[in-house]
Amino acid sequence: MTNQPFFTRDRDAFIPTTAANGPWDPNSMHGRVVIGLLAFVIEARHGADDFVPARLTVDMFRLPNIQTPVEVTTKLVRDGLRIKVIEAEFVSGGASMARASCQLLRKTENAPGNVWSPPNWDAPAPDAIAAPTDPRLGMNGKWTTRPITGGMGSLGERRLWMSEVRELVEGVPMTPFVHVATGADFASPFANAGDQGLGYINSDVTIYLHRLPVTRWIGFEVVNHHATDGVAIGECWLYDEKGPIGTSTVAALAQRRPMAKPPP
């Protein structure tokens, strides 16, 4: 991998690179790397092959500066036979910027019987879709996409494949959990952008996974957006090339100055 990672490491500190900046302020971190780093540390310290990270919720209440090293602390809240609960805190410049709660569930057999679920989407495979030529797609190389239906801010169905193109932490290949966690923040602009731009900035992300992705492409399908009094929610169903894997849901606040041309 030749692309610059989002973080380098200095013992217990994570040093943001310029690739980690976000669209709202060039000196602040992108929400996706905040979520990804919390998932990275939670999995490294508390993950296990026989457990699935079934839920990750990240509250983002401050914008970390990309000039400042980051530390992540974790706390094991519950270490049960079937359920583990982990809390984590994202600290930058001595101040708490975000916090996470992760629930890990032990793998077992499915319950007997049949249960209704939505059908798999009928999207073409990523390799069957030409790479986009617009450099704004993937924020000029922070990730890569294969648009399927609709686009950012279009009125109607929106579906897209996304894949990471760089390491989160230098020298450490992304695991499936870190891969999907790093991309999950995309549910906010994809679901909440409108015909006048992106007018909402998300304050959280919650990912639900019934399994981890087994391919490098993550599919996003917008299934919900509603807003009242400047408070919005957005939701995307998540897929890999084998089928559904879970959901990404966000809460967001209206911005006084919408982003006129959000990155697709």
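Asp 195 sits in the loop that runs between α4 (187-192) and β9. In this predicted model, Asp 195 has a relative accessibility of 60%, so the residue counts as exposed. Leaving aside residues up to four places away in sequence, Asp 195 touches Gly 153 and Leu 155. Another residue from that stretch can be placed by distance: the C-alpha atoms of Asp 195 and Met 152 are 8.7 Å apart in space, with the two positions 43 residues apart in sequence.

On the other side of that loop comes strand β9, which covers residues 198-209 and includes Leu 198. Leu 198 has a relative accessibility of 5% and therefore counts as buried, whereas Asp 195 is exposed. From Leu 198 to Gly 246, a step of 48 residues along the chain, the C-alpha separation is 24 Å.

Stepping back to the whole chain, the secondary structure adds up to four helices and 12 strands. The C-alpha trace spans about 55 × 45 × 45 Å along its principal axes. How does the radius of gyration fit with a compact globule? For 264 residues, such a globule would have a value near 18 Å, and the chain has 18 Å, so the two agree. Half of the story is burial: 50% of the 264 residues count as buried. As for the accessible surface, the total is about 13,200 Å², and carbon and sulfur atoms account for 50% of that area.

Contacts and charges fill in the overall picture. Taking contacts between residues at least 6 apart in sequence, 67% join residues at least 24 apart. The charged side chains number 25 positive and 27 negative, and the centres of these two sets lie 2 Å apart.

Aromatic rings come next. Seven aromatic pairs turn up in a search of the whole structure. In one of them, Trp 121 and Tyr 239 have ring centres 4.0 Å apart and planes at 5 degrees; planes under 30 degrees apart count as stacked, so this pair is stacked. The two partners come from distant parts of the chain, 118 residues apart: Trp 121 belongs to the loop between β6 (95-106) and α2 (138-141), and Tyr 239 to strand β11 (residues 231-240). Are these two rings' residues buried or exposed? Trp 121 has 10% relative accessibility and so counts as buried, and Tyr 239, at 2%, counts as buried too. Elsewhere among the aromatics, ring pairs join Trp 143, Phe 186, Phe 190 and Phe 220 into a cluster.

Arg 159 ties several of these residues together. This arginine is found in strand β8, residues 159-164. Although a charged residue, Arg 159 has a relative accessible area of 9%; the cut-off for buried is under 20%, so Arg 159 is buried. Not counting residues up to four places away in sequence, the contacts of Arg 159 include Trp 121, a member of the stacked pair, along with Phe 190 and Phe 220, which belong to the ring cluster. Arg 159 also touches Asp 122, Ala 123, Pro 147, Ile 148, Thr 149 and Glu 221.

Helix α3, residues 176-183, is mostly covered, with seven of its eight residues buried. The buried residues there are Phe 177, Val 178, His 179, Val 180, Ala 181, Thr 182 and Gly 183.

Two loop residues have backbone angles worth a look. Most residues other than glycine have a negative phi. Arg 11, however, has a positive phi, near 55 degrees. Arg 11 is part of the loop between β1 (7-10) and β2 (13-16), and its relative accessibility of 73% means that Arg 11 counts as exposed. Asp 229 likewise has a positive phi near 55 degrees without being a glycine. The loop holding Asp 229 lies between β10 (218-228) and β11, and at 79% relative accessibility Asp 229 counts as exposed.

Just before that loop, Thr 228 is found in strand β10. Thr 228 is exposed as well, with a relative accessible area of 53%. Thr 228 and Gly 243 are 15 residues apart along the chain, and their C-alpha atoms are separated by 33 Å.

Note on methods:
Residues are numbered from 1 along each chain as its sequence is written. This is a predicted model: local features need pLDDT of at least 70, side-chain atom pairs count only at pLDDT 80 or more; totals for chains, interfaces and linings use all residues. Side-chain values use heavy atoms; hydrogens and water are left out. The radius of gyration is taken over C-alpha atoms; the globule rule is 2.2 Å times the number of residues to the power 0.38. Buried means under 20% relative accessible area, exposed over 50%, partly exposed in between (1.4 Å probe, protein chains only). Contact means heavy atoms within 4.5 Å. Accessible areas come from the Shrake-Rupley method with a 1.4 Å probe; for residues, only the protein chains shown count as cover. Lys and Arg count as positive and Asp and Glu as negative; His and the chain ends are not counted. The place of a charge is taken as NZ of Lys, CZ of Arg, CG of Asp or CD of Glu. Rings of Phe, Tyr and Trp (its six-membered ring) pair if their centres lie within 6.5 Å; planes under 30 degrees apart count as stacked, over 60 as edge-to-face and the rest as tilted.
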